[in-house]
Structure formats: C-alpha cells, structure tokens
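User: I'd like a close look at one part of this structure, and then how that part fits into the rest. Could you walk me through it in plain words?

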Amino acid sequence: MKILSATGVFFLRIYRIIALLSWSIVITSVAFICTVFRKEAVAVRRAAYFTQVWARVCAGIMNVTIDVRGTVPENGALVVSNHTGPFDILVNASVFPVRFAPKKELKYTPVLGQIVAASRPVWIDRKRRLEAKKTAQEITRTIELGVNMLVYPEGTSTDGRHGILPFKSTAFDAAEFTKCDVIKVLLFFETPSDPGKSSAWYDDSTLGAYLWRALGLKKVVSTVYIIGVTSIQSGEDRKSMAKRIHHEMSEEYAKIL
C-alpha cells in the first residue's frame, strides 16, 4: 500500500468517521423500522441479520480483511472468542449473525451506545449481581430462538499475543442450562501496512484515544480460527466447563502462535 503522509492519515481518519457514522445511522434506522412492533423472536433474528450487514460494511470501510479457517456452524449457539478490542466485534459479527452482550457502561457512550443499542444487545451489568440471573435468562432465550450469542469470557481485552486470560464462568450459564453448542473461536490480527502498530486495545488509553489510533490503521488483516464445537459434558457445571474450554482454546492458541 502507498505510504500516507501525516496529512493523508488525518484525512483517512476523517473519511472513515463520516463513512462509519453515515452507514451506522442508515442501517440502524432500517433495523429499527424492521424490528419495532415485531414479536420478540422476529425482532431478535432480524436484528442479528442487520448486525451482520452493519459489521461487514464497517469492516470494508476500515479495510479489514477476514480469513476464516474452519466451517461456520449452524446458528443458535454460544460463540466464545478471545478478546483484543473493538475490531473483534466487527470480525465476529461479520462471520456470525450474532446478538451482542456488551458492558452496560457502553450504553451511555455518545453515538456508539446508540448504535449498539439498535442491535438489541443483552446488556451486562457486572456491578449488580442481582442482574446476573436476568442476563443469563435473556442469553438463554436468545439461543433458544436460534440466534447466536457472542461472549468474551475473558472479561477484558488483551494484546492478543500472550495467551488467553482465565474465563469468567458466568458467560457459560446459558450453555449449562440449554445444553446448546459452544463455538470456540480464536482471533488474530496483523497490521501489515503499519509495522509496530497494533489493532488491539489493551493499554490504559481512553476509548477516544484508541479509536483515533485505530482509524489511522491503513489495513488490518484478521484470521478467524473456528477450532471446534462443543457442549457441556456429563458431570460438568458452568465452572468446570469454562475451565475445560479455556484449556482447549489455550492449547490451540499456542499451536497457532
């Protein structure tokens, strides 16, 4: 790719901001019209479809290429992925029609919160334990409707190069209750046009500072490894299931690196 000057990178960022906001406003408006006043099952399925359309176009605007290794399973599963930052969302949603489970704090982020809210996510409030049961029930209901539920059980993002953090077992409540399939996914990213720069958000920078940096990345190459499908085994509870799946994914992670 042609090397851009500092001015060129600045205008690239501005172009992407305008394009991403314009596209997001259009697709969220269409999604709202197509889901409002609909029955829950129809609304959730349509929202997952529009989320995938939104993510694929956004990935194009950000010049993210996606290489999928493995077969994409049928819908109605818990998609478990490692987490490096916002690019994970674009990539996972491009590959799988999903319903998100973001932190509730994101709901109050200007613009971004409204865009995410249009996808009918299951908001996660980790500060209120009483909400955990309600959240698990909503995730379970989503899977029963035949819609994939996307979770990042590490609970935070990493640099994507030094292993997977221990999983929080609450992410597997629905898998324990419904006995649904669990799709194990590993994501890896490269920035070939920006040597030394990372697409991950794992430091102490603010969301705004990270997004400004990410908007200036000229090309992001993502490899998605669908390493298998599993489900809860006889004698397991969600805690032992979380440990087993973490072990299986960590082994594959080490092999890939």
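Analyst: Let's start with Ser24 and its contacts: beyond the neighbours within four places in sequence, Ser24 touches Trp54, Cys58 and Ile115. This is a predicted model, by the way, so read everything here as computed from a prediction. Ser24 sits in helix 1. Is Ser24 buried or exposed? Its relative accessibility is 3%, and buried means under 20%, so Ser24 counts as buried. Now look along the chain from there: Gly8 is 16 residues away from Ser24 in sequence, and their C-alpha atoms are separated by 24 Å.

Helix 1 (6–35) leads us to the inside of the protein. The largest nonpolar core has 36 residues, and Phe87 and Phe96 have the most contacts inside it. Helix 1 supplies at least two residues of this core, and so does each of helix 2 (40–61), helix 3 (86–95), strand 5, helix 7 and strand 6 (220–230). Which element gives the largest share? That's helix 2, with 6 residues. There is also another core, apart from this one, with 24 residues, including Ala174, Ala175, Met241 and Ile245.

Phe87 deserves a stop of its own. Leaving out neighbours within four places in sequence, Phe87 is in contact with Met62, Val64, Phe189, Ser199, Tyr210, Ala214, Leu217 and Val220. Pick Ser199 from that list and look at the contact from the other side. With the same kind of neighbours left out, Ser199 touches Phe87, Phe189, Thr191, Tyr210, Leu217 and Val220. You'll find Ser199 in the loop between strand 5 (182–190) and helix 7 (207–215). Even in a loop, Ser199 counts as buried, because its relative accessibility is 4%.

Another loop residue to check is Lys218, between helix 7 and strand 6. Lys218 has 11% relative accessibility, so this lysine counts as buried. Pro192 is 26 residues from Lys218 in sequence, yet the two are 8.6 Å apart in space, C-alpha to C-alpha.

Two residues have a backbone angle to look at. Asn63 isn't a glycine, but has a positive phi of about 55°. Asn63 belongs to the loop between helix 2 and strand 1 (64–69), and is partly exposed, at 25% relative accessible area. Lys179 isn't a glycine either, and its phi is positive too, about 60°. Lys179 lies in the loop between helix 6 (173–178) and strand 5. How covered is Lys179? Its relative accessibility is 52%, so Lys179 counts as exposed.

Now zoom out to the whole chain. There are 8 helices and 6 strands, and from the N terminus they run α-α-β-β-α-β-α-α-β-α-β-α-β-α. The radius of gyration is 18 Å, close to the 18 Å that the globule rule gives for 257 residues, so the chain is as compact as a globular protein of that length. Along its principal axes, the C-alpha trace spans about 60 × 50 × 35 Å. Buried residues make up 47% of the 257. Of the contacts with a separation of 6 or more, 76% are between residues 24 or more positions apart. On the outside, the accessible surface comes to about 13,200 Å², and 58% of that belongs to carbon and sulfur atoms. Finally, the chain has 34 positive and 23 negative charges, and the mean positions of the two groups are 6 Å apart.

Key. Residues are numbered from 1 along each chain as its sequence is written. This is a predicted model: local features need pLDDT of at least 70, side-chain atom pairs count only at pLDDT 80 or more; totals for chains, interfaces and linings use all residues. Side-chain values use heavy atoms; hydrogens and water are left out. Helices (H or I, at least four residues) and strands (E, at least two) are DSSP runs, numbered from the N terminus. Buried means under 20% relative accessible area, exposed over 50%, partly exposed in between (1.4 Å probe, protein chains only). Contact means heavy atoms within 4.5 Å. The radius of gyration is taken over C-alpha atoms; the globule rule is 2.2 Å times the number of residues to the power 0.38. Accessible areas come from the Shrake-Rupley method with a 1.4 Å probe; for residues, only the protein chains shown count as cover. Lys and Arg count as positive and Asp and Glu as negative; His and the chain ends are not counted. The place of a charge is taken as NZ of Lys, CZ of Arg, CG of Asp or CD of Glu. A nonpolar core is a set of buried Ala, Val, Leu, Ile, Met, Phe, Trp, Tyr and Cys residues joined through side-chain atoms within 4.5 Å.
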